Amino acid sequence: MTHLLALLLVILPAAAIAQDADAAAEAAVAQIVDPYDRLTPRASVTALLTALGEGDYNRAAQYFSVPLETDQQRARAATLAERLRTLLDSGGKLQPFGSLSNDPTGRTDDGLALEEERVGELNIGPETVPIILSLSTTEEGSTAPVWRISPDTVTQLATREVARVAAEAEPTEDRVMLAGAPVRDWALLIGAALVLFVGLYLIARLLLALAKRTIADPQTSLFYRALNAALPPVSLLVAGGIFYVWAEELPASIVARQLLLRYTGVVALIALVWFGLRLVNAVSDLTIVRMQRHERRQVISVVSLMRRVVKIILLAFVFIAVLDTFGIDVTTGVAALGIGGIALALGAQKTVENLVGSVTVIVDKPAQVGDFVKVGSVVGTVEDVGIRSTRIRTNDRTIVTIPNGDLSSQQIENYSVRERFLFNPVIGIEYGLPAAKVREAVQIVARTLEEHEKVAENPRARLKDFGASSLDIEVFSYIDVPDFAESLIHREELLLTILERFEEAGIGIAFPTRTIVFGNDLPVAKSGTGGDAADPANDG
C-alpha cells in the first residue's frame, strides 16, 4: 500500500504537468491557421494537386509565391498553375507522398536552404527544372509561415520558352475526366499495373513449381521453404518497384500518377511485411520440425513465442507506415505512449503478469510443448505456450487454457521428463502356506526382477506384512525405459511371469476372504467352585 501511494504521488503531478503541456500545445496549434493547408511541404503539394485535379486554377494560384492583390495578378497566377499542370502531365515528376516532409520546417538534410524544399522537377526540352517550395509569410488569413512554389520556380514558369513548351503539350481534343484525370490515363496506368502484378506472380508460381520438381524433399529443404515464402510477396514488391519507375516516365496525368504511386507505396509496404511474415513462418516451421526430431521441446516453445512476437512487431510497423502514407500523423500517438504507458501499466497488470509468466515458463522450463503434465487439478498434454496463456489438452480431449501468470505460480508435475518408471506392486499370497513356500515366493519374485533386462539395478522384493487377507510381498524397482507406453508392456511381462512361476510352484495369489463364526458353534465355558460344581448325575 505504501508503494502504491508513493507511485501515485509521482504519477499525479507528472500527469498534471503532461495535461498542462498538452493543453498548451493544443492552444498553440489552434492559433496556427491556414485556409489553404500550406503549413508543411507534404500538405501544400497534396492540396495543390487537389486543386489542379479539380481544375480550380484560381485556388491553385494560392500555392505560388506571387502577389494576388489585383484581378490581373490573380489571372496571371492561374495561368501559371494551368501551365504547371500541363508540364506535369507531359512528363513532369513530383516526389512520392511518403518522401515529402510533413514537418513545418521541412527537411534539413537536402542540401538546400532551410526555407527551401525540392518537391519535383519539370522537363523543359532538354533541360530539367526543379520545383522548389519556399517558406514565406502571407497575408491571406494564415498566422504562420506557409510553403508555396518559390519565386525562382515561378520565374522559370513565366518564361516564353516554358510557355511555348506548355502550349505544344496542351491537349487539343476534349477528354473524358474521372477524379481529376482523363479516363484514358487511368486505364493506361491501371492496366500497366495489372499486367506487371499478374505477369510477375505467374512467373513466381512457375519458378516455384520447377523448384518443387527438382528438389528431392521440398518439405525439409530450407531453400524451398524460403523460396516458397519469398516468391509471392517478392514478385508483388518487384512489380511495385517496376511500376513506380515506369509510371513516372509515362505521359499521363500527374493526378492519376501521383495517386497510384501513393497507393503503390502502400502495396510495397504490405508486400514487404507479407514477405517477412511468410519468411518467419517458413523458418519457424522448419526449426520446429528439426527440433521435434531431436526431441528438444523447449526450443519449440521459444520458437513459437518468438514467431508471435515478430509477427506483432511487423504488423505494428506496417500499420503505422500505412497510416503515415495516408497522411495520418502518428507522431502524437507515439508521444502519447509515454503517458499512456503509465495508465497501461496500472490498468493491465494481469496482462503484464501473464507476459512475464510466459517468459518465466520458457526460461525455467517446467513444461514444454508435448509434455504430459499435471497443473493443479488439470492433467493433460501441453499443446501451446503462448504470450498470454498455455493450452493443455486433457485426457477427455478438452482444451484447458491457463494464464501464464497463474501457471508460473502453481506446482507443475511433469510426467514426460521421467527417464524410468516405478514398478512397485504389493503381491499378496495365501495364508496357510508353510514358511518355506513363503520364502520360495519371495525368491521367485526377486529372481524374476533380476532376470528382466529392462529392470534397473538393485531391485528389491521383501515380505512386508501380514495383511488382512494375505501375506504381502512388496516390490520396489524401476523399469528402465523413458516411454510410458513401453513401460506398460514390460510391467505386464513382469506380472505375468511372476504369476506363471507361482502356479508352477503351487503358490496361490490371495484374494480378500472373511470367516464368519455363528454363536451356536462357539464352545460353552462351564463355571463352578471345586467339587460343588453342578452334576446332573448326582442330582436327586
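## Strands, hairpin and helix packing in a predicted model

Strand E13 (residues 426-429) and strand E15 pair in the antiparallel sense over 4 bridges. Within that pairing, Gly428 stands opposite Asp472 in E15. This is a predicted model, so take everything below as a description of computed coordinates.

E15 is a good place to start, since several pairings involve this strand. Strand E12 (residues 421-423) runs antiparallel to E15 and is joined to E15 by 3 bridges; here Phe421 has Ile479 as its bridge partner. Then there is strand E14 (residues 460-466), which is antiparallel to E15 (residues 471-479) and linked to E15 by 6 bridges. The connection from E14 to E15 is a hairpin through 4 residues. Two residue pairs help you find the register: Leu463 stands opposite Ile473, and Arg460 has Phe476 as its bridge partner.

Here are the antiparallel pairings side by side, including some from the other sheets discussed further down.

| Strand pair | Bridges | A facing pair |
|---|---|---|
| E12 and E15 | 3 bridges | Phe421 and Ile479 |
| E13 and E15 | 4 bridges | Gly428 and Asp472 |
| E14 and E15 | 6 bridges | Leu463 and Ile473 |
| E7 and E8 | 4 bridges | Val375 and Val378 |
| E2 and E3 | 8 bridges | Glu116 and Ser134 |

Just ahead of E14 sits a residue with an unusual backbone angle. Most residues other than glycine have a negative phi. Asn458 is not a glycine, yet has a positive phi of about 60 degrees. Asn458 belongs to the loop between H14 and E14, and with a relative accessible area of 67% Asn458 is exposed, because the cut-off for exposed is over 50%.

On the other side of that loop is helix H14 (residues 435-451), whose axis comes within 10 Å of the axis of helix H15 (residues 484-504), the two crossing at roughly 145 degrees. The crossing is right-handed. From H14, the residues in contact are Ala441, Ile444, Val445, Arg447, Thr448, Leu449 and Glu451, and they meet Leu494, Thr497, Ile498, Arg501 and Phe502 of H15. Sorted by class, that contact has 7 nonpolar, 2 polar and 3 charged residues.

Next comes a sheet with 5 strands. It is open, with antiparallel pairing, and the order is E10-E9-E8-E7-E11. E10 and strand E11 (412-414) are the edge strands, each pairing on one side only. Neighbouring strands here are turned by 40 degrees against each other on average, ignoring direction. Inside the sheet, strand E7 (residues 372-375) pairs with E8 in the antiparallel sense over 4 bridges, with Val375 opposite Val378.

E8 (residues 378-385) also holds Glu383. Is Glu383 buried or exposed? Neither label fits: at 36% relative accessibility, Glu383 counts as partly exposed. Leaving aside residues up to four places away in sequence, Glu383 touches Val369, Arg391, Arg393 and Ile399. For Ile399, 16 residues away along the chain, the C-alpha separation from Glu383 is 8.9 Å.

Another positive phi turns up close by in the chain order, in the loop between strand E9 (389-394) and strand E10 (399-403), where Arg397 lies. Arg397 is not a glycine, but phi is about 70 degrees there. The residue counts as exposed, at 58% relative accessibility.

There is also an open sheet of 4 strands in the order E1-E2-E3-E4, again with antiparallel pairing. Strand E1 (93-94) and strand E4 (146-149) are at the edges with a single partner strand each, so one side of each has no neighbour in the sheet. Strand E2 (residues 116-124) and strand E3 (residues 127-136) are paired over 8 bridges, and Glu116 has Ser134 as its bridge partner in E3. Helix H4 (residues 71-89) lies across E1, E2, E3 and E4, at about 70 degrees to E2.

Finally, the whole protein. It has 15 helices and 15 strands. Of its 540 residues, 36% are buried. Taking contacts between residues at least 6 apart in sequence, 65% join residues at least 24 apart. The protein exposes about 31800 Å², with carbon and sulfur atoms supplying 59% of that area.

Key
Residues are numbered from 1 along each chain as its sequence is written. This is a predicted model: local features need pLDDT of at least 70, side-chain atom pairs count only at pLDDT 80 or more; totals for chains, interfaces and linings use all residues. Side-chain values use heavy atoms; hydrogens and water are left out. Axes are lines fitted to C-alpha atoms, for helices over the stretch in contact, and angles run from 0 to 180 degrees between N-to-C directions. A crossing is left-handed if the near helix is turned anticlockwise from the far one by less than a right angle, and right-handed if clockwise. Contact means heavy atoms within 4.5 Å. Ala, Val, Leu, Ile, Met, Phe, Trp, Tyr, Cys and Pro count as nonpolar, Asp, Glu, Lys and Arg as charged, and the others, Gly among them, as polar. Buried means under 20% relative accessible area, exposed over 50%, partly exposed in between (1.4 Å probe, protein chains only). Accessible areas come from the Shrake-Rupley method with a 1.4 Å probe; for residues, only the protein chains shown count as cover. Two strands pair if DSSP finds at least two bridges between them.
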